[in-house]
Amino acid sequence: MPSRISSLRGNEPWLGYDELGVQQIRIALDDADDDRVASVRTYERAHKNRAGVLNAAERELATA
């Protein structure tokens, strides 16, 4: 069943993403390209849905 668990979890935007806190992700988004920011937004919406991460992603995409 590892494949079922993997499909439920999805692909993290980068290795170790799921272990990071909101502040750590927000800092990483400062230097991220638009594709990475968009993948964070998509992943976050589907999994943890943390407002702080989503707000940071939206802000980064708006200034791109």
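## Close-up views of a predicted model

**View 1. Helices α2 and α4 pack side by side at an angle of about 10 degrees, with their axes 9 Å apart.** Please keep in mind as you look that this is a predicted model. Angles under 35 degrees count as roughly parallel, so α2 is roughly parallel to α4. To find the contact, start on α2, residues 22-30, and look for V22, I25, R26, L29 and D30. Their partners in α4 are G52, V53, A56, A57, R59 and E60. What classes of residue make up the contact of α2 with α4? There are six nonpolar residues, one polar residue and four charged ones.

**View 2. W14, Y17 and Y43 are linked into a cluster by ring pairs.** Two aromatic pairs are counted in this model. In one of them, the ring centres of W14 and Y17 lie 5.1 Å apart and the ring planes meet at 85 degrees, so this pair is edge-to-face. W14 and Y17 are both buried. The rings of Y17 and Y43 also form a pair: their centres are 5.4 Å apart and their planes stand at 90 degrees, so this pair is edge-to-face too. Now trace the chain from one tyrosine to the other: Y17 sits in the loop between α1 (2-9) and α2, while Y43 belongs to helix α3, 26 residues apart. The pair therefore links distant parts of the chain. Are these two tyrosines buried or exposed? Buried means under 20% relative accessible area; Y17 has 0% relative accessibility and so counts as buried, and Y43, at 5%, is buried as well.

**View 3. E44 is a buried residue of helix α3.** Its relative accessible area is 0%. Which residues does E44 touch, leaving aside those up to four places away in sequence? The answer is Y17, N49, R50, V53 and L54. You have already met two of these neighbours: Y17 belongs to the ring cluster of the second view, and V53 is part of the contact between α2 and α4 in the first view.

**View 4. N49 lies in the loop between α3 (34-46) and α4 (51-62).** Look at the backbone here: N49 has a positive phi of about 55 degrees although this residue is not a glycine. Its relative accessibility is 48%, so N49 counts as partly exposed. N49 is also one of the residues that E44 touches, and E44, by contrast, is buried.

Terms used:
Residues numbered from 1 in each chain as written. Predicted model: local features only at pLDDT ≥ 70, side-chain atom pairs only at ≥ 80, totals over all residues. Heavy atoms only, no water. Helix = DSSP H or I, 4+ residues; strand = E, 2+ residues; numbered from the N terminus. Buried < 20%, exposed > 50% of the residue type's maximum accessible area, 1.4 Å probe, protein only. Axes fitted to C-alpha atoms, helices over the stretch in contact; angles between N-to-C directions. Parallel < 35°, antiparallel > 145°, perpendicular 65-115°, else oblique. Contact = heavy atoms within 4.5 Å. Nonpolar A, V, L, I, M, F, W, Y, C, P; charged D, E, K, R; others polar. Phe/Tyr/Trp six-rings, centres within 6.5 Å; stacked < 30°, edge-to-face > 60°.
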